[in-house]
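Visitor: I'm new here. Could you walk me through this one and tell me how you know what you say?

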Amino acid sequence: MSEATETRPAAVKGRSQFEDALARFRKNKASVCSVVVLLSLIAASLFVPAWLPWDHEEVDFTAFRAPPSIETGHYFGTDQNGRDLLARTLYGTRVSLAVAALATTVSVIVGVLFGAIAGYVGGRTDQVMMRFVDILYALPYILFVILLMVVFGRNVYLLFVAIGLLVWLTMARIVRGQTLSIRQREYIEAAHAAGLGRTAIIFRHVIPNLAGPVVIYAALTVPQIVATESFLSFLGFGVQEPLTSLGTLIAEGANVLEILPWLMWFPATALVLLLMSLLFIGDGLRDAFDPHERT
């Protein structure tokens with residue numbers, strides 16, 4: 001063996017799609033800051049109410065319509081019934097996020113399954129399924145949700161199901177388009193040649209390779225659902241007492257804006273922070289998973 005040993009460069013470990021996307025996401029300062037803001041809002045809505053001296057439904061008979069004050073312990077003031085606005089704002093943020101999370105879950109499940117089946121099976125099945133999507137697209141979205149709430153009752157569980165079952169349409173179209181491309185890949189042909197059925201191929205090979213587009217659209221769907229829920233609650237068709245949401249609080253504050261402005265300022269600020277953080281996170285994920293942006 002010669003003294004001069006041949007040196008070989010160390011093997012470079014490749015990065016997965018998610019590792020590459022995470023690295024790109026971390027470079028987006030606006031998205032990273034939005035994650036901090038969103039996590040802060042979530043943590044505050046979950047844990048801060050336990051440390052407050054007032055519950056969101058508790059009435060302070062000595063502080064009706066009290067302005068924000070540190071001395072009284074009502075940091076955001078109280079409403080017309082003497083309830084602490086900070087507790088109600090945090091509780092409303094929790095409800096709005098819960099509705100958005102559950103409705104997005106419903107949207108993702110229905111949209112991914114519908115789009116993957118339509119795109120992979122193709123033919124007449126694809127045409128019938130996508131014509132059904134086109135028909136639903138033609139319906140007035142908000143009016144249809146309001147109709148469901150009027151007919152079946154103003155229930156918070158029905159609310160997230162109704163919203164989720166309507167916002168899945170775009171998800172289905174995106175998944176269907178991606179599936180049409182994926183089913184032409186070599187590993188799909190190999191799986192078919194190995195004797196796997198359609199169901200096994202869809203769940204083992206098609207859906208796992210749709211993770212990027214699904215994550216992007218799900219992240220962009222959450223702020224849309226938050227805004228929709230707040231709008232419905234503002235009109236009185238969404239979350240009802242004893243529950244409350246940011247839209248409900250804004251509606252209550254709008255009625256007395258001239259004499260009790262803090263009743264609208266604080267819930268509106270919380271809603272703006274929530275929507276802006278979700279939008280920036282969605283934009284960051286879109287850029288991170290976009291293959292045209294990779295270097």
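Guide: Happy to, and keep in mind that this is a predicted model. Let's start with helix 3, residues 85-121, which gives the most to a nonpolar patch, with three residues. The patch is formed by Ile109, Leu113, Ile117 and Phe203. It lies on the surface, and its members have about 350 Å² of accessible area together.

Visitor: What makes Ile117 partly exposed rather than buried or exposed?

Guide: Ile117, found in helix 3, has a relative accessible area of 37%. Buried means under 20% and exposed means over 50%. The 37% of Ile117 falls in between, so partly exposed is the right label. A patch member also needs over 30%, and Ile117 passes that cut-off too.

Visitor: And Gly177, why is that residue called partly exposed?

Guide: Gly177 sits in helix 7, residues 168-182. Its relative accessibility is 36%, which lies between the 20% and 50% cut-offs, so Gly177 counts as partly exposed. While we're at Gly177, look across to Ala21: the two are 156 residues apart in sequence and 21 Å apart in space, C-alpha to C-alpha.

Visitor: What does the chain as a whole look like?

Guide: There are 12 helices and zero strands. How do you know that the chain is more spread out than a compact globule, you may ask? For 295 residues the globule rule gives 19 Å, but the radius of gyration is 24 Å, well over that, so the chain is more spread out than a compact globule. Its C-alpha atoms fill a box of roughly 85 × 65 × 25 Å along the principal axes.

Visitor: How much of the chain is buried?

Guide: Of the 295 residues, 42% count as buried. The chain exposes about 16300 Å², and carbon and sulfur atoms supply 64% of that area. As for contacts between residues at least 6 apart in sequence, 70% join residues at least 24 apart.

Visitor: What makes Arg65 worth a stop?

Guide: Arg65 has a positive phi of about 55°, although it is not a glycine. Most residues other than glycine have a negative phi. You'll find Arg65 in the loop between helix 2 (29-47) and helix 3.

Visitor: Why is Arg65 called partly exposed?

Guide: Same kind of check! Arg65 has a relative accessible area of 40%. That value is not under 20% and not over 50%, so Arg65 is partly exposed.

Key:
Residues are numbered from 1 along each chain as its sequence is written. This is a predicted model: local features need pLDDT of at least 70, side-chain atom pairs count only at pLDDT 80 or more; totals for chains, interfaces and linings use all residues. Side-chain values use heavy atoms; hydrogens and water are left out. Patches are made of residues with over 30% relative accessible area and no salt bridge: like charges are joined within 9 Å, nonpolar side chains (Val, Leu, Ile, Met, Phe, Trp, Tyr) within 5 Å. Accessible areas come from the Shrake-Rupley method with a 1.4 Å probe; for residues, only the protein chains shown count as cover. A salt bridge is a side-chain nitrogen of Lys or Arg within 4 Å of a carboxyl oxygen of Asp or Glu. Helices (H or I, at least four residues) and strands (E, at least two) are DSSP runs, numbered from the N terminus. Buried means under 20% relative accessible area, exposed over 50%, partly exposed in between (1.4 Å probe, protein chains only). The radius of gyration is taken over C-alpha atoms; the globule rule is 2.2 Å times the number of residues to the power 0.38. Contact means heavy atoms within 4.5 Å.
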